[in-house]
Amino acid sequence: AANEAKIKALKSLIGDLTNDKYPKDEETLNRMAKEYSIACIRKEDDVKLLWKTECVPLMVQLKNLLDVSILCGNYKLKLARQNYFMSRQDKIIDNLLSQLSRQELLQIMLEHEHRTHKESVDMLQDVLGHVSLLNKTMTQQRTIVEGDD
C-alpha cells in the first residue's frame with residue numbers, strides 16, 4: 001500500500017513534467033530562460049540591496065554590542081580607580097578629623113590656661129595696686145616725718 005502511494009505520486013509528478021504547461025519549442029524555452037535570467041539578476045540585485053541596507057547595519061550594531069564588553073571593562077576599571085581614590089580620600093578625611101579634634105582639645109586647654117592665668121594676672125594687678133597705694137602712703141608719711149624734723 002505504501003509502495004503504491006509512492007508510485008502514484010511519482011506518476012503524477014512525471015505527468016506534470018510531460019504535461020502541456022511546459023512548452024516544448026526552443027524559442028519559448030529561450031525566452032523563458034532569458035526571463036528567468038533577468039529575474040535572477042533582479043533577485044541578486046535585491047539581495048545586494050538587502051545586504052547593504054539591512055545586513056551591514058545589523059552587523060555594525062552587532063559589532064557595537066560586542067564592544068559593550070570592552071566598554072564594561074573600561075567602566076569597571078574606572079569604577080575601581082574611583083573606589084581607590086574614594087578610599088584614599090576617606091583616609092585623608094579621617095586624618096583631618098582627628099587633627100581637628102586634637103586642635104579643638106588644645107584650644108579648650110589653652111582657654112582654660114588663659115582663664116587660670118587671667119585670674120592670676122588680675123590678682124597680681126590687685127596686689128600691685130595695693131603695693132602702689134602702700135608706697136604712696138609711706139611716701140606721704142615720710143614726707144610728713146621729714147618735714148617735721
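I began at Ser 98, whose relative accessibility of 27% makes it partly exposed, a class between buried (under 20% relative accessible area) and exposed (over 50%), taken with a 1.4 Å probe and protein chains only. The model is a predicted one, in which local features need pLDDT of at least 70 and side-chain atom pairs count only at pLDDT 80 or more, while totals for chains, interfaces and linings use all residues. Residues are numbered from 1 along each chain as its sequence is written, and side-chain values use heavy atoms, with hydrogens and water left out.

**Entry: Ser 98.** I placed Ser 98 in helix H2, helices being DSSP runs of H or I with at least four residues, and strands runs of E with at least two, numbered from the N terminus. I then followed its side chain and found that the side chain of Ser 98 reaches the backbone oxygen of Asn 95 at 2.8 Å.

**Entry: the chain as a whole.** I looked up the secondary structure and noted 2 helices and 0 strands in the protein chain. Of its 149 residues, 1% count as buried. I recorded an accessible surface of about 14,400 Å² for the protein chain, with 63% of that belonging to carbon and sulfur atoms; such areas come from the Shrake-Rupley method with a 1.4 Å probe, and for residues only the protein chains shown count as cover.

**Entry: charged side chains.** I searched the whole structure for salt bridges and obtained 1, the criterion being a side-chain nitrogen of Lys or Arg within 4 Å of a carboxyl oxygen of Asp or Glu. The partners are Glu 44 and Lys 48, at 3.7 Å from N to O. Both residues lie in helix H2, 4 residues apart, about one turn of the helix. I also checked their exposure: Glu 44 is partly exposed at 45% relative accessibility, and Lys 48 is partly exposed at 47%.

**Entry: nonpolar surface.** I noted a nonpolar patch of about 370 Å² made by Trp 51, Val 56, Met 59 and Val 60; patches take residues with over 30% relative accessible area and no salt bridge, joining like charges within 9 Å and nonpolar side chains (Val, Leu, Ile, Met, Phe, Trp, Tyr) within 5 Å. Met 59 lies in helix H2, which covers residues 26–148, and with a relative accessible area of 47% Met 59 is partly exposed.

**Entry: aromatic rings.** I found 1 aromatic pair in the structure. The ring centres of Tyr 84 and Phe 85 are 5.5 Å apart and their planes stand at 65°, so I logged the pair as edge-to-face; rings of Phe, Tyr and Trp (its six-membered ring) pair if their centres lie within 6.5 Å, with planes under 30 degrees apart stacked, over 60 edge-to-face and the rest tilted. Tyr 84 is partly exposed, at 46% relative accessibility.

**Entry: cysteines.** My search for disulfides, meaning pairs of cysteine sulfur atoms within 2.5 Å, returned 0 over the whole structure. Cys 40 is partly exposed at 33% relative accessible area, and Cys 55 is partly exposed at 27%.

Terms used. Polar contact = N/O pair within 3.5 Å; in protein donor to acceptor, adjacent residues only side chain to side chain.
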